[in-house]
Amino acid sequence: RDGPPMLWGIELKWISLITLALQNAFLTIIMHYSRISTSPNKTYSAASAVLLNELLKGSISVVIALKRIDNEMSSSSPPPVYYEKNDSKISDRRSAYKLPSLLHSTRLSALSKALFSPDCYKLSVPAILYVIQNNLQYVAASNLDVATFQVTYQMKILTTAFFSVILLRKRLSRAKWASLIMLAIGVGIVQIQSSSAPAASTPSAPITANHGEHQLRSEIPEETMINAERVMHPLRGFLAVTLACLTSGLAGVYFEFILKSSSGSSPPPDLWIRNTQLSLFSLIPAIVPIVVSPSGPAGVGYVGRIMSSFSNFNGWAIGTVLTQTFGGLITALVIRYSDNIMKGFATSLSIIISFLASVALFSYPITVSFVVGASIVLAATYLYNSPSLPDGSQTRTAVAV
Ligand code: C5P
C-alpha cells in the first residue's frame, strides 16, 4: 500500500511519462495539420478549441473526483440501505443509471466542500497561464512547421528550471545548468536552419504554407495536403513559442507547488479535485476572448457568440481537442507522480517520434542542421536527467510562492 502507484505491474510514473511522449508527438502533428489544411477563413477558432478542451477536462476530472469520493466513502462505511431493498421500482431506476450513487447528496456535498476549499483561489494562477499557453500553442502551430515547433518548444525545459529555482527554490548543479545551455544552443541551431533558407531572408517574412514552407526547401515536391491560401509567419510563430515556454514553465511549477504542498495539518486535496478547480478557473479566461472577439456575429448575445464560434469545427479540430484533453490529464499525472523536469524529458522524446512521423507524413526534409540541433537537444535532455549527475535538484527550504 505504501509503494508507488502501479498499473498492470508497472509504476504509474513510467506509464504516464511514456504516454505523454506519444501524446505530445501526436498532438504537434494533428494540431499543425488541423490548422493548415483549410483556408484561413474556414479555420476553426483556437479560443473555442481551448474552451472545449477545458470543458472536457473539467467534466472528466469531476467524474473521477466523484468516483474517488465514492470509493473512499464506501470503503469507510457500509453500503447505503437503498441498495439492498428489493423494490423493483427503485432497483430498476438505480440500475438504469450508473450515476445515482455518485450524485448522492453526501457525495455532492463532499465534492463541493473539497472544490471550494479555502485555498482553491490558488488554482486561478496556473489556470489563466494555461489558457494563455494553450492559445499560444495554436498560433505557433499555425506558423511553424511541425519539427521546428516541436524542437523550439523544448525551451520550456529552460523556463521550467528557471521557475523551479526561483519559486520552488530547487538547487541545480553546474552540470545541470551546462546541459540547459546545451539545450538552448540546440534549439538555436534548429531555429537558424528554418529561418536562414533562401526564400525567407528575414524570419519575419510571411511564407505561404504551399509556396513557402516548401519554397524554403525547394527540393520538396509540392504538398497538396496543405492549403494554398494559408500564410505562415515564422517570427510570429517563434514569438508565440517563446511566450508559451514562459507560461508553460511558470504554470507547471506553480501547479506542482500547489499539488505537493500541504496546507497546515490537513493533507493536500486529491489530484482530480485540483484538476477540476483548474478547469473551473480556466472557464472565464477561455470564454472572454470568444465573447469579445470583433470577428464574432453581432446581436446574438454571449451564448450565441459562443455557439457560433464552433461553426468551423471539423473532424481534425475535434481530434486536436481530444488529444489535448487527454494530454492535460496525463500531464497532471506526470506532475503528480514525477515532476515538471521529468515531464520535459518525456516531451523531448516526443521530438524523435514526431520527427519520424513528419518525414513520413509531410515529406519533411532531413537537413544536417536539423539533425545536429535535434541531437544536441536530446543529448542535453539526457544529461539533464542523467542519474550520474550530482543531484542538486532537491528543494532547499519550504517553498515560498
Ligand atoms: O506544454 P506543456 O507541457 O506545459 O502543456 C501542459 C498542458 O497540460 C497544457 O495544455 C495544460 O492546459 C495541460 N494541463 C492540464 N491539467 C494540469 C496540468 C496541465 O490540463 N493539471
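**Exercise 1.** Is the crossing of helix 6 and helix 12 left-handed or right-handed?

*Solution.* Let's start with the ground rules. This is a predicted model, in which local features need pLDDT of at least 70, side-chain atom pairs count only at pLDDT 80 or more, and totals for chains, interfaces and linings use all residues. Residues are numbered from 1 along each chain as its sequence is written.

Step 1: find the helices, which are DSSP runs (H or I, at least four residues) numbered from the N terminus. Helix 6 spans 124-143 and helix 12 spans 271-292.

Step 2: take the axes, lines fitted to C-alpha atoms over the stretch in contact, with angles from 0 to 180 degrees between N-to-C directions. The axes of helix 6 and helix 12 are 8 Å apart, at an angle of about 50°. The two helices are therefore oblique to each other (not under 35, over 145 or 65 to 115 degrees).

Step 3: the crossing is right-handed, a term for the near helix being turned clockwise from the far one by less than a right angle.

**Exercise 2.** Describe where Arg169 sits and its backbone.

*Solution.* Step 1: Arg169 lies in the loop between helix 8 (156-167) and helix 9 (174-195).

Step 2: its phi is positive, about 55°, although Arg169 is not a glycine. Most residues other than glycine have a negative phi.

Step 3: Arg169 has 15 other C-beta atoms within 10 Å, so it is partly exposed (buried means 20 or more, exposed 12 or fewer, and partly exposed in between, with C-beta atoms placed from the backbone).
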